[in-house]
Each structure stands twice: as C-alpha cells, then as structure tokens.
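Visitor: I'm new to reading protein models, and I'd like to know how the labels get decided. Could you show me one and let me ask?

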Amino acid sequence: MARRISSTKLLACVTLVFSAALTVLYLKIDCVSLNDDNRNAVSIEDPHNDKSLHEGNIIDSDGGRKVKNAPNSELMSNNGDNKDWGYHKLAVIVPFRDRLEELLEFVPHIHTYLNKKHIRHKIIVVNQADTLRFNRGSLINVGVLESGNECDYIAMHDVDLLPLNGDLDYSYPESGPFHIAAPDLHPLYHYHSFIGGILLLTKGDYKMVNGLSNRYWGWGREDDEFYVRLKRAGLLKTTYVEKNGDTIPEYEIRRPVNITSGYKTFKHIHDKKNRPRDNKRYFNQSEKTRRLDRETGLSTVKYDVINHYRLVINDAPVTMLEVKLICDYGQTPWCLKKEDHHLLQNMVTPAPLR
Ligand code: UDP
Ligand code: MN
C-alpha cells in the first residue's frame, strides 16, 4: 500500500513538472512571436523576406504611427553603418531651423527606412543658429563640408518629407544626380525641372558644380538654380529628339522608375499655418537670384560651427551641427530679416545697395 501511494505521488509529481515545463515553453514561444525586435531582426538579415519592401508596398501610414515611433527595435538601434552592406556611405544632410516636431518624426523614420534597405548612412542635421534669414543652400554646403571622408555621397533631404515606399532607390548614384522626390511623386511640386525635396549626388558631382549658391536667403529657388548648375556641368541625362528635321538635345534629371504609389510615395508633414514660408524679396534680391550664380557655392560658404551634438532620437543616432552662417551684407543685404535692415546704415563700409 505504502509503495503504491508513493508511486502515484511520483507520477503526479512528474506530470506536474512536465506540464509546468510545457507552460513555460509555450509562454516563451508566444513571447518570441510577439516580439517586435525579433521580427525586425529577421528582416534585417534578409530584406527579400520583408513584405514591406516588396514592389508598390507602402511601408508606413498614419495608422502605423505607433510602430514607427516605437523604440527598442533592432532596426533602429543598429547604428546604420554596417560594413557588410557595401563600400558606399550616404550622408543624409538636413537643412534645419525650428522644426522640432518634424525632426522627431523624421530621424527615426529615415534611420529605420535606410537600415531596412541596407544603406550605410549618417544623418547630419545642420541647424541654422544665427539671426539671419534661412539659407537652405548654404546649410547643405556646410553639411557636405562637415560630413567627413567616410561618406562618399549625399542626400539633400528636407526634414518634412518622409519616404513611404520601400522601393525608392537611395543607393550610390553612379550614373549621375538622382532626384528621389520626383514631380510625379511629390505631393506638392509637379514641374518638370523640380529637383527639391530629396536629391542624391556623389560628393564628386557636388564638388564639380561647386555645390549650391549661397545667395538664396529666405524661401525658394536655390534648387532651381542648382538645376542649371547640373545642366551646365553635363550631369543631366541627355536624350536627342527630332523636331522639324533638326536633332535637339533634351535634358532630364534621373528619377525613380516603376514606382506606382504616386502622390502617396511620401508623407509631406509641412504644416502651412505654423510654418509660413519666408518668401519676401528685399533690395535687389529678385534680380540677383534670377540668374545663374557663377561665384558662390561650396568653396565660398562662410560659417562657424558653434556646437556639435551627437543625439539619439528613439534609438536613431543623429549628428546635429549648430551653425552660424556669415553673410556678406554688401553682396546679399537681403540676408537680414526686415527688422534688422537698419543695421546696414551703421556699417563702416557699407557696400552699394542698388
Ligand atoms: N527648413 C527648416 N526651417 C525653416 C525653413 C525650412 O528647417 O524655417 C528646411 C526643412 O528641412 C524643410 C526644407 O528646409 O523641409 C524646405 O523648406 P519648406 O518645407 O518650407 O519648403 P517646401 O519644400 O515645403 O516648399
Ligand atoms: Mn515642406
């Protein structure tokens, strides 16, 4: 009797231990399958297994907000510089001032996006910290000069334009400048020669055209002037067409092909009401910025780097340069905000204002 009881107890004990072990195992399997880190790790190793990168698929949407901003994902904690992804490295250069909300959304988004595509990259935000009007061209010139030798190509990247389609090509633009935010994909700008928003160039090509003009203080047109620089340098795609018996060259910037997501390819988070454009024209600004600028650019931009921050936004690393641009008031007095125009009168050697 005593033996029988003890063997029953033993059986009960073994059953208990087994079922406890099974429960633990089951819970563990459940955790793994729900764990975002693990899911993302799989897509890092094999992007072809990642459905979000398949043709025409939109990676993100408004409904994806929570996922997009969620920290702790392996895609985000990867520092974006995996040497196994190839030789080339991209400097994502973001001209910036006073757009914190956009930046908080942009940095984790673009970092995760580029990691998914195995694009080695470094994000450089060039924050204009002076009291002059905003100068996108000069800030991008500064970003290129400060981007270090390890990056051999750049993306001029607006902070408020988020790529949603995983098929966009951010790889080294071997054949020439590559305009990602194409007019048939950009939600707002649809003219043929538009090259703003997001533009990729090798550093060699950027240097060849002496970068962007430094004359464009306030909103707009520096990208249109840059288009002319590229065209004159022979960096646009040339096709020859027959017109009235003559063979005429036509120039076009290289752009994405086979992207079918149209105006949903990007999210433009520009809040028009709170981010009004500074499109006033002062002094002879209109006249001076209508023509090709053969004088200013990468080689002439004047600035001080006041601070260099290494920040992390939701696990995404970003370099922020706090920059004070230096304006030649004689050449471009319209760099001053209207309320500072009186300063021109007190200058020792005021240059002629026409
Ligand atoms: N920008 C900025 N602060 C400003 C103006 C412009 O950071 O006060 C930067 C930002 O990266 C922005 C880009 O310059 O995305 C282009 O400016 P904006 O968005 O006003 O031009 P849009 O392309 O919408 O006409
Ligand atoms: Mn915008």
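Visitor: What makes the three residues around the manganese ion (ligand 2) its coordinating residues?

Guide: First, a word on what you're looking at. This is a predicted model, where local features need pLDDT of at least 70, side-chain atom pairs count only at pLDDT 80 or more, and totals for chains, interfaces and linings use all residues. Residues are numbered from 1 along each chain as its sequence is written, chains are lettered from A and ligands numbered from 1 in the order in which they are written, and side-chain values use heavy atoms, with hydrogens and water left out.

Guide: Now the metal. Donors are N, O and S atoms within 2.8 Å of the metal (3.2 Å for Na, K and Ca), and water is not among the atoms, so sites may look incomplete. Asp-160 (OD), His-268 (NE2) and His-270 (ND1) sit at 2.0 to 2.4 Å from the manganese ion (ligand 2), so they pass the 2.8 Å test.

Visitor: How are those donor residues spaced in sequence?

Guide: The pattern is D-x107-H-x1-H. Asp-160 is in the loop between β3 (153-157) and β4 (161-163), while His-268 is in strand β9 (residues 266-268), 108 residues apart, so this pair links distant parts of the chain. Those element names come from DSSP runs: helices are H or I with at least four residues, strands are E with at least two, numbered from the N terminus.

Visitor: Why is Asp-160 called buried or exposed, and what about His-268?

Guide: Buried means under 20% relative accessible area, exposed means over 50%, and partly exposed is in between (1.4 Å probe, protein chains only). Asp-160 has 4%, so it's buried. His-268 has 24%, so it counts as partly exposed.

Visitor: How do you know that Arg-275 and Glu-102 form a salt bridge?

Guide: The rule asks for a side-chain nitrogen of Lys or Arg within 4 Å of a carboxyl oxygen of Asp or Glu. Here the closest N and O atoms are 2.9 Å apart, so the pair qualifies. Arg-275 is in the loop between β9 and α9 (285-290) and Glu-102 is in helix α5 (residues 100-116), so the bridge ties together parts 173 residues apart in sequence. Both Arg-275 and Glu-102 are buried.

Visitor: What makes Glu-105 and Lys-267 a salt bridge too?

Guide: Their closest N and O atoms are 2.8 Å apart. Glu-105 is in helix α5 and Lys-267 in strand β9, so this pair ties together parts 162 residues apart in sequence. Both Glu-105 and Lys-267 are buried.

Visitor: Glu-295 and Arg-215 form a salt bridge as well, so why do they get the burial labels they have?

Guide: Glu-295 has a relative accessible area of 56%, so it's exposed. Arg-215 is at 11%, so it counts as buried. Their closest N and O atoms are 2.7 Å apart.

Visitor: How many salt bridges does the structure hold?

Guide: There are 18. Some share partners, joining Asp-81, Lys-89, Arg-120, Lys-122 and Glu-150 into one network.

Visitor: Why is the pair of Tyr-189 and Phe-194 called tilted?

Guide: Rings of Phe, Tyr and Trp (its six-membered ring) pair if their centres lie within 6.5 Å; planes under 30 degrees apart count as stacked, over 60 as edge-to-face and the rest as tilted. Tyr-189 and Phe-194 are 5.1 Å centre to centre with 35° between the planes, so "tilted" is the label.

Visitor: And what makes Tyr-191 and Phe-194 edge-to-face?

Guide: They're 5.5 Å centre to centre, with 65° between the planes. Tyr-189, Tyr-191 and Phe-194 form one aromatic cluster. At 3% relative accessible area Phe-194 is buried, whereas Tyr-191, at 35%, counts as partly exposed.

Visitor: What makes a group of residues a nonpolar core?

Guide: It's a set of buried Ala, Val, Leu, Ile, Met, Phe, Trp, Tyr and Cys residues joined through side-chain atoms within 4.5 Å. The largest one here has 37 residues, and Leu-201 and Phe-226 are among those with the most contacts inside it. Its largest share, 4 residues, comes from α6. Apart from it lies another core, of 33 residues, including Ile-110 and Ala-316.

Visitor: How do you know that Leu-201 touches Phe-226?

Guide: Contact means heavy atoms within 4.5 Å. Among the residues Leu-201 touches are Ile-154, Met-156, Tyr-206 and Phe-226, not counting residues up to four places away in sequence.
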